[in-house]
Each structure stands twice: as structure tokens, then as C-alpha cells.
Amino acid sequence: MKIEQTPLPGVVMITPARLGDNRGFFSESYSFKAFAEHGITTRFVQDNHSLSMTQGTIRGLHFQAPPHAQDKLVRCGRGALFDVAVDIRKGSPTYGQWFGVELSFENGKQLLVPAGFAHGFVTRAPATEIIYKCSDYYAQETEGAVAWDDPQVRIDWGLGDMKPVLSDKDANAPSLADLNSPFTFEGV
């Protein structure tokens with residue numbers, strides 16, 4: 001298992017080993033023991049799986065506030081997506097900064113997005129599946145969002161001339177400047 005730190009402390013890229021032969025491959029995508037050996041001791045309680053049929057679908061930037069804040073371990077089950085984490089912890093030296101990485105069925109990479117970061121992705125292929133583990137259960141009353149196209153954050157989604165496919169919720173999410181973040185930087 002390959003563990004890589006990103007420029008945003010706490011956001012980690014994980015690439016599980018794939019053992020392959022003429023039948024295909026086997027990969028252990030999650031093991032509490034293996035993760036703990038690398039200092040990742042998050043306990044996950046819920047798995048989510050979504051399908052986006054259209055290339056250029058953006059979902060996010062989402063988070064859940066305390067007391068139901070979530071760490072997420074994100075991977076791509078089919079297709080390809082560009083996955084993004086944005087630091088929304090007040091007082092953080094990286095507040096408002098983002099990190100993105102391509103997750104695909106082919107590359108097998110995963111992204112660990114801790115609580116205190118907004119999360120989103122854009123699909124790079126039709127019929128893309130995203131699978132992610134959460135450290136707390138879904139709680140609608142704690143949902144929050146930041147605009148996917150926030151001018152302060154300036155994420156390069158790689159859309160080119162493509163118009164994104166958005167939910168009403170994501171199309172109308174508030175800017176980072178208007179967010180009263182429920183998260184405070186406590187050091188990493």
C-alpha cells in the first residue's frame with residue numbers, strides 16, 4: 001500500500017496494491033490494521049456509492065458539520081473522476097486552498113478527506129461510480145456546501161468548454177466568503 005501526503009495536511013492519497021493475473025486483479029482497498037500501521041486510525045461506519053451518468057457532472061463541495069462531521073475515504077469503482085478537498089478550517093494556514101487528484105478504476109487511487117474539508121468531484125467519463133467510506137452517519141441537518149466555482153478557491157475542474165451538470169443545491173451553494181465555517185484549525 002502506497003501512502004502519500006498532499007500539500008494539505010491531513011489529506012492523504014492511498015494506492016492499494018493490486019495483485020493481478022490472467023483473470024484480472026485482487027486489491028484490498030481498506031484494512032483498519034494496514035491503515036493504522038501508517039497512522040490512519042479513522043473508524044468508518046457507513047459506505048456510500050453513487051453513479052453519475054454524464055461526463056462533466058460536479059457533485060460538491062460538500063461537508064457535514066459537527067457533531068456529525070465526516071472523514072471520507074474516496075475511490076472510483078468505474079470510470080474516472082477528479083476528486084477535490086478544500087480546507088475550510090478557520091485559522092488554518094491552508095484555509096481556502098484545494099488539492100485535487102484523478103481517481104479512476106484503472107489507477108486504483110483513493111483520497112482520504114478528513115473532517116474540516118469540503119469535498120467534491122467532477123466526472124471525467126460517462127457512467128462513473130464513486131464509492132466512499134464515512135466516519136459518521138449521514139445527518140441532513142448538518143449538511144453544508146461551498147460553491148463549486150468559488151472565485152476565492154479557484155478550483156481548476158478541467159472542464160474546458162464543457163458546461164457542468166449540477167444539482168440545484170450545488171448550483172446555489174454559498175461562497176467561501178459567506179461561509180461561517182463550523183470547523184477550527186487545531187493543528188495536524
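Ser 50 is located in strand 5, which spans residues 46-52. In this predicted model, the residue is buried, with a relative accessible area of 17%; the assignment follows because burial is defined as a relative accessible area under 20%. When residues up to four places away in sequence are not counted, Ser 50 touches Arg 59, Phe 121, Thr 128, Glu 129 and Ile 130. Among these contacts, Arg 59 belongs to strand 6, residues 58-64, and Phe 121 to strand 11, residues 117-123. Thr 128, Glu 129 and Ile 130 fall within strand 12, residues 128-134.

Strands 6 and 11 are also members of an open sheet, in which five strands are arranged in the order 9-8-11-6-13 with antiparallel pairing. The edges of this sheet are occupied by strand 9 (98-104) and strand 13 (143-145). Each of these edge strands has a single partner strand, so one side of each is left without a neighbour in the sheet. From one strand to the next, the twist averages 25°. Within the sheet, strand 6 and strand 11 run antiparallel and are joined by four bridges. His 62 is positioned opposite His 119 of strand 11. In general, side chains in a regular strand alternate between the two faces of the sheet.

The largest pocket of the model has a volume of about 430 Å³. Its lining comprises 25 residues, and those nearest the centre of the pocket are Arg 59, His 62, Lys 72, Tyr 132 and Lys 169. Arg 59 is thus both a contact of Ser 50 and one of the residues nearest the pocket centre. His 62, which stands opposite His 119, is likewise listed among the residues nearest the centre. At least two lining residues are supplied by each of strand 5, strand 6, strand 11, strand 12, strand 13 and helix 2 (168-171). Strand 6 makes the greatest contribution, with five residues. Classified by residue type, the lining of the largest pocket contains twelve polar, eight nonpolar and five charged residues.

A further antiparallel pairing is found between strand 1 (residues 2-5) and strand 2 (residues 12-15), which are connected over four bridges. One of the bridge pairs is formed by Ile 3 and Ile 14, the latter in strand 2. The two strands constitute a hairpin with six residues between them. In the turn of this hairpin, Gly 10 adopts a positive phi of about 100°.

How values were computed
Residues are numbered from 1 along each chain as its sequence is written. This is a predicted model: local features need pLDDT of at least 70, side-chain atom pairs count only at pLDDT 80 or more; totals for chains, interfaces and linings use all residues. Side-chain values use heavy atoms; hydrogens and water are left out. Two strands pair if DSSP finds at least two bridges between them. Axes are lines fitted to C-alpha atoms, for helices over the stretch in contact, and angles run from 0 to 180 degrees between N-to-C directions. On a 1 Å grid over the protein atoms alone, a cavity is a set of points where a 1.4 Å probe fits but cannot get out, and a pocket is an open set with protein on both sides within 12 Å along at least five of seven lines; lining residues have an atom within 4 Å of a point. Grid points are joined across faces, edges and corners, and a volume is the space filled by probe spheres set on the points. Ala, Val, Leu, Ile, Met, Phe, Trp, Tyr, Cys and Pro count as nonpolar, Asp, Glu, Lys and Arg as charged, and the others, Gly among them, as polar. Buried means under 20% relative accessible area, exposed over 50%, partly exposed in between (1.4 Å probe, protein chains only). Contact means heavy atoms within 4.5 Å.
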